[in-house]
Amino acid sequence: MAQNVSYLGMIPLLPLIGAALVGILHLATCKKKRLPDKLYAVLGCTTPILTFVLAVKVFLDLNGLPVDTRALTHEVFTWFEVGEMHVSMGFFADPLSSLMLLFVTFTASLIHIYSIGYMAGDESFAKFFAYLNLFLGSMLILVLGNGPVVMFVGWEGVGLCSYLLISYYSEDRSNVLAGNKAFIVNRIGDFGFVLGMAFLFWAIGGSGFDYISLKANAHLLAPATVTLVCLLLFVGATGKSAQIPLYVWLPDAMAGPTPVSALIHAATMVTAGVYMVARFSFLYVHVPTVGLVVAWIGILTALVSAIYGMFQNDIKKVLAYSTVSQLGYMFAGVGLAAYSAGIFHVFTHAFFKALLFLGAGSVIYALHHEQNIWKMGGLKSKLPLTYKTMLIGSLALAGCPPFSGFFSKDEILYSALASGQTGIWLVGVLVAGMTAYYTFRMIFVVFHGSPRDAHAYEHAHEPPAVMTVPLVILAIGALFAGFLNLPALFGGSQQVTHWLAPSLAEHPHEASHSTEIIAIAASVAAFAIGIFIAYRKFGKGAVEPVYSGFSSFAYHTFRINELYDVLFVRPYKAIGSAIGNYIDAHITDGPVQLIVWFYRQFGSSFKLLQVGYVRVYAIYMIIGLSVMSYLLTQSFK
């Protein structure tokens with residue numbers, strides 16, 4: 001039986017209050033004397049830190065409960081009742097959501113603090129922090145919602161905030177288009193989510209539409225219904241977590257300020273789809289065929305994105321495609337019913353990806369917003385702390401033991417091998433080598449060799465402590481977070497897996513130690529080969545390559561955006577133009593214009609009777625009275 005705790009509702013409420021307070025102050029003073037940025041910084045950073053404190057309390061409270069009863073709830077009010085549908089605005093915390101809470105609030109707090117330095121002097125400093133708080137609040141609603149409907153509120157909230165923050169520099173049209181793209185592509189995925197919820201309610205929602213009720217009644221679902229619901233929910237996940245075919249929005253999301261990129265990629269939006277699949281593991285575990293679809297789409301997304309990442313010149317786009325690729329690993333994990341492995345990679349990824357994006361932000365900050373890696377070089381001596389922390393993050397991303405990314409990625413690859421999915425495992429190992437290659441291509445080009453822009457290099461310097469301290473803290477997480485789930489082969493007891501067990505319908509994949517050793521050896525070999533090739537090509541300096549053939553095709557991301565433009569954007573624009581110019585003008589507007597014409601004619605006719613002379617109106621009255629008298633006389637006969 002879940003315990004009711006009132007403070008649970010404060011966790012998403014705090015950042016929402018912060019967003020409202022900062023936003024109101026900004027709107028109230030933007031046309032008058034501007035309040036100090038320090039005030040907005042304090043207000044903006046206080047609420048994420050407080051949410052982290054409450055997240056720790058949630059974790060401790062759950063840890064004090066028996067394993068089978070680790071759940072906290074809080075029903076705020078009845079949202080609506082329609083027929084059998086009863087939906088409450090309530091919150092629910094279990095081991096899965098508590099782990100998400102911990103790293104989301106922790107990394108978000110560091111990103112908020114980092115933003116104080118990165119956004120210093122920005123004219124809309126307060127608006128930026130209001131949006132960040134709103135983003136965090138929406139994500140916490142998504143994580144803590146007690147059912148699909150409340151989750152969907154947060155789901156849509158993070159979609160809105162991504163639009164607001166990606167197009168933050170709205171004076172540049174390309175940024176606005178990038179925000180529009182993210183918003184529209186996510187709406188496509190969200191339609192699948194809504195349909196999935198509708199079918200789920202139709203099937204078993206009348207007995208309760210919260211997670212506890214749905215899990216208890218899941219056995220009542222017909223296999224075909226489970227398959228349909230899971231596929232539709234996954235459509236929503238492909239949009240939010242940027243998987244094939246809806247991954248095209250995420251690289252364009254780099255248009256926003258770098259702290260936004262860190263927040264989207266590490267702590268909020270893109271992890272939502274993986275979390276949602278894990279949250280509905282009690283459904284997915286019954287349809288392994290759908291799970292294989294999820295896993296293959298995930299690993300193919302990882303492969304395609306890794307290919308793109310190998311040829312990008314923008315430092316943030318290299319990291320963006322690495323995120324899409326790592327999300328593919330996560331979906332491969334949850335698709336193979338290794339839900340704890342997928343969520344553990346979400347956990348470790350938050351540390352090293354936030355670190356890498358904030359590190360890239362420090363480089364961009366030092367070089368006056370230059371993002372092309374081929375205009376960098378030799379920055380190791382100018383930005384030593386940034387270099388060391390980014391090196392740690394890169395080793396974690398590339399899967400170098402004993403950094404965190406090695407343990408979480410290896411667990412997914414081991415699950416693929418142990419479950420007999422050799423194809424997924426082989427692609428995963430290949431992607432691991434490619435990841436090491438493009439990650440250290442970035443490191444070698446940016447920090448090693450000779451400066452390619454002498455003027456920018458001369459003025460480069462480490463950012464202020466408010467930006468570097470979060471880098472150091474995240475680097476510690478990127479280095480040590482993997483030890484929280486050490487497998488037995490390394491003398492560990494997989495604490496994270498055991499912690500998540502009550503929340504997940506896990507299908508453990510057991511195999512011999514030799515199989516595990518093969519998986520580890522393959523991962524390490526792929527990492528070593530990838531770094532070796534990157535070092536040979538870029539380790540001692542390199543010039544910007546001229547892409548042609550396949551490399552040019554990959555640099556332009558296989559022309560997928562152009563393909564989508566031809567297949568979807570242009571036809572819809574043509575349909576809209578036809579509707580506006582012909583159907584609306586000649587068909588829809590015709591009856592409307594006819595009614596307007598009729599009333600105009602009627603009004604014009606009636607106007608002839610309104611002459612403005614009293615004697616004429618007297619005649620009308622006499623005529624009217626005569627007619628009434630005649631009618632009354634006739635009625636009494």
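# Cavities and pockets in a predicted model

Biologist: Which residues line the largest cavity?

Modeller: This is a predicted model, and its largest cavity is an enclosed space whose lining can be listed residue by residue. The residues that line the largest cavity are Ala398, Gly399, Gly405, Phe406, Lys409, Asp410, Leu413, Ala432, Ser523 and Phe527.

Biologist: Which element gives the most to the lining of the largest cavity?

Modeller: Two elements, α17 (404-418) and α22 (513-538), each give two or more residues to the lining of the largest cavity. With five residues in that lining, the element that gives the most is α17.

Biologist: How many residues of that lining are nonpolar, how many polar and how many charged?

Modeller: Gly counts as polar here, so Gly399 and Gly405 stand in the polar group together with Ser523. Lys and Asp count as charged, and the lining includes Lys409 and Asp410. The residues of the lining of the largest cavity therefore divide into five nonpolar, three polar and two charged.

Biologist: What is the volume of the largest cavity?

Modeller: The structure holds three cavities of 30 Å³ or more. For the largest cavity, the volume is about 50 Å³.

Biologist: Which elements give two or more residues to the lining of the largest pocket?

Modeller: The largest pocket has a volume of about 680 Å³, and 15 residues line the largest pocket, with Lys181, Ile184, Val185, Tyr564 and Val569 nearest its centre. The elements that give two or more residues to this lining are α6 (173-204) and α24 (560-607).

Biologist: How do the residues of the lining of the largest pocket divide into nonpolar, polar and charged?

Modeller: Lys counts as charged, whereas Ile, Val and Tyr count as nonpolar, so among the residues nearest the centre Lys181 is charged and Ile184, Val185, Tyr564 and Val569 are nonpolar. For the lining of the largest pocket, the division is 11 nonpolar, two polar and two charged.

Biologist: Which element gives the largest share of the lining of the second largest pocket?

Modeller: About 550 Å³ of space lies in the second largest pocket, and of the 26 residues that line this pocket, Glu411, Tyr414, Gln494, His509 and Glu510 are the closest to its centre. Two or more residues come from each of α15 (339-366), α17, α21 (495-500) and α22. The largest share, five residues, comes from α17.

Biologist: Is Ser109 buried or exposed?

Modeller: Ser109 has its place in helix α3 (residues 95-118), and Ser109 touches Pro48, Ile49 and Phe52, not counting residues up to four places away in sequence. Because its relative accessible area is 8% and the cut-off is under 20%, Ser109 is buried.

Conventions:
Residues are numbered from 1 along each chain as its sequence is written. This is a predicted model: local features need pLDDT of at least 70, side-chain atom pairs count only at pLDDT 80 or more; totals for chains, interfaces and linings use all residues. Side-chain values use heavy atoms; hydrogens and water are left out. On a 1 Å grid over the protein atoms alone, a cavity is a set of points where a 1.4 Å probe fits but cannot get out, and a pocket is an open set with protein on both sides within 12 Å along at least five of seven lines; lining residues have an atom within 4 Å of a point. Grid points are joined across faces, edges and corners, and a volume is the space filled by probe spheres set on the points. Helices (H or I, at least four residues) and strands (E, at least two) are DSSP runs, numbered from the N terminus. Buried means under 20% relative accessible area, exposed over 50%, partly exposed in between (1.4 Å probe, protein chains only). Contact means heavy atoms within 4.5 Å.
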